[in-house]
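Biologist: I'd like to go through this one slowly and ask how we know each thing. Can you bring it up for us?

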Amino acid sequence: MRTTSRTTAGLALTAAAAVLLAGCTSPAPEATGQAPSGAHLDPASTAALESLLDAGATAAVIDIRDGDEHVTAAFGTVDGEVAAEPDDQLRIASVTKTMTATVIMQLVEEGEFTLDTAVDDVVPGLLDSPEPVTVRQLLNHTSGLPDYFDVLVPDVAAYHAAVDVEHEPSDLIAEAQARPWSAAPGTAFSYSNANYVALGLLAEEVTGEELPELMRSRIFEPLGLDRTEYPTSPALPDGALRGSVLDGDETVDTSDGSPSIWGAGAAVTSTAGDVGTFFQALFAGELVSAESVQEMQAVGAEGYGLGILAGGDACGAQPVELVFGQRGNGIGYRVMAFGSPDGDRFVTVGWAGGTFDPATDPTVPPANDALVAALAATCD
């Protein structure tokens, strides 16, 4: 295990401290390295992360923020040989949705449209919906717009076949709309990556800029997220965690992937620490107003708000309080990032390896245990 610890009281607000945590068939690599003097990762989180390796993850990183305290650690290896480091990059999958939602909320505050503006008023003809779809309905997955991802990527082989294929966002929307709408707009929750592809097109339409540039100028650069990017090519940077999926008896490398198939819903690559900094800044009102943060954290019965997921806090308060963040399920990569509504306590767990389907992936339960344990360690 490699661990670092530092005090962040002197940092600018954009890097305010918080705590991050969440409510291959080769032998699992052992934790590597020794914690330097002063670093501390609680025993329950350590045990859960070691169990995560035993369950099939090849590497795991954790970033924990609690007030002025900030601890990061890495377990396992990048590629079976080189020890993983806490600031190694990985694909953060649907954590991208929170970033896209943040850009949308900024544009709402700038008067480009409202949450209740019909999509057709911004991009005429984009959606062939039974009734008008609003921006809010795209953000909270109540539009009824079908998904495209399970059609284009039903298995690992299809994911590999699409590595070098360039998918235009409008084509992804067309692929989604080739299926029956799941429900009338505004009547039911139905998770769909296509919702966020449509939101990316809205943002580009009103700004005249492409979404990667919007994220860079509005989120990454202002927060100093120098290890976060919206990639435009399939390969990850050198030194990034190597993703893999156990497919039958074979371990398949999934490190390379077409960012265009993920789009505005899941394309971003980052580090556990950058993800923590992003959520801290967002929840502290540094990227959008406090009122917009409250709007994003107003979750429905399914626990989903505007690009934000909610879960029960680990601190045992009655009635149960909520933590907020997002979960990313990629192909060979997964992330859980949750913390207090103000971001003061926040935990991010990211890992490489596992199986294709998150519903049956044996790495998910121990990762969730690590998140819960880390959150519990930050309780007063």
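Modeller: What follows is a round of questions and answers about this predicted model.

Biologist: Let's begin with the disulfide. What makes Cys315 and Cys379 a disulfide?

Modeller: Their sulfur atoms sit 2.0 Å apart. The cut-off for a disulfide is 2.5 Å, so the pair counts. The structure holds 1 disulfide.

Biologist: Which parts of the chain does the pair link?

Modeller: Distant ones: Cys315 lies in the loop between strand S8 and strand S9, and Cys379 lies in the segment after helix H13. They are 64 residues apart. The link is left-handed, with -95° about the S-S bond.

Biologist: Why is Cys315 called partly exposed?

Modeller: Its relative accessible area is 32%. Partly exposed runs between 20% and 50%, so Cys315 belongs there. Cys379 has a value of 23%, so it is partly exposed too.

Biologist: On to the helices. How do you know that the length of H8 fits what is expected for its number of residues?

Modeller: H8 covers residues 193-207, which is 15 residues. At 1.5 Å a residue, 21 Å is expected, and the distance from first C-alpha to last is 22 Å, close to that. H2 has 15 residues as well, and its end C-alpha atoms are 22 Å apart against 21 Å, which agrees.

Biologist: What makes H8 "mostly covered"?

Modeller: 11 of its 15 residues are buried. Among them are Asn193, Tyr196, Val197 and Leu201. For H2, 13 of its 15 residues are buried, and that helix is mostly covered too.

Biologist: What do the buried residues of H8 pack against?

Modeller: Other helices: H2, H3, H4, H5, H7 and H9.

Biologist: And what is found at the two ends of H8?

Modeller: At the start, a side-chain oxygen of Ser192 comes within 3.2 Å of the backbone nitrogen of Ala194. After the helix comes Gly208, with a positive phi near 75°. H2 is followed by Gly111, whose phi is also positive, near 85°.

Biologist: Now some single residues. Why is Phe149 called buried?

Modeller: Its relative accessible area is 11%, and buried means under 20%, so Phe149 qualifies. Phe149 is found in helix H5.

Biologist: Which residues is Phe149 in contact with, leaving aside its neighbours within four places in sequence?

Modeller: Asn193, Ile261, Trp262 and Ile331. Phe149 and Trp262 are 113 residues apart in sequence, yet their C-alpha atoms are 8.1 Å apart in space.

Biologist: Why does Ser260 count as buried?

Modeller: Ser260, in helix H10, has 10% relative accessibility, which is under the 20% limit, so the label fits.

Biologist: How do you know that the side chain of Ser260 makes polar contacts?

Modeller: Check the distances against the 3.5 Å cut-off. The side chain reaches the backbone oxygen of Val165 at 3.3 Å and the backbone nitrogen of His167 at 2.9 Å. Both values are within the cut-off, so both count. Ser260 also touches Glu166 and Leu172.

Biologist: What makes the link between Thr277 and Arg65 a polar contact?

Modeller: The two side chains meet at 3.1 Å, and the cut-off is 3.5 Å, so the pair fits on distance. Thr277 sits in helix H11 and is buried, with a relative accessible area of 10%.

Biologist: Where is Val78, and is it buried or exposed?

Modeller: Val78 is in the loop between strand S3 and strand S4. Its relative accessibility is 10%, under 20%, so Val78 is buried. The residues it touches include Ala83, Asp88, Gly239 and Leu241. The C-alpha atoms of Val78 and Asp88 are 8.3 Å apart, and the two are 10 residues apart along the chain.

Biologist: Last topic: the largest pocket. How much space lies in it, and what lines it?

Modeller: About 490 Å³ of space lies there. The lining has 22 residues, and Ser94, Tyr191, Asn193, Asn329 and Pro358 lie nearest the centre. H5 and S9 are the elements that give two or more residues to the lining. S9 gives the most, with 3 residues.

Definitions and conventions
Residues are numbered from 1 along each chain as its sequence is written. This is a predicted model: local features need pLDDT of at least 70, side-chain atom pairs count only at pLDDT 80 or more; totals for chains, interfaces and linings use all residues. Side-chain values use heavy atoms; hydrogens and water are left out. Helices (H or I, at least four residues) and strands (E, at least two) are DSSP runs, numbered from the N terminus. The expected span of a helix is 1.5 Å times one less than its number of residues. Buried means under 20% relative accessible area, exposed over 50%, partly exposed in between (1.4 Å probe, protein chains only). Contact means heavy atoms within 4.5 Å. A polar contact is a pair of N or O atoms within 3.5 Å; within protein, one must be able to donate a hydrogen and the other to accept it, and residues adjacent in sequence count only if both atoms are side-chain atoms. On a 1 Å grid over the protein atoms alone, a cavity is a set of points where a 1.4 Å probe fits but cannot get out, and a pocket is an open set with protein on both sides within 12 Å along at least five of seven lines; lining residues have an atom within 4 Å of a point. Grid points are joined across faces, edges and corners, and a volume is the space filled by probe spheres set on the points.
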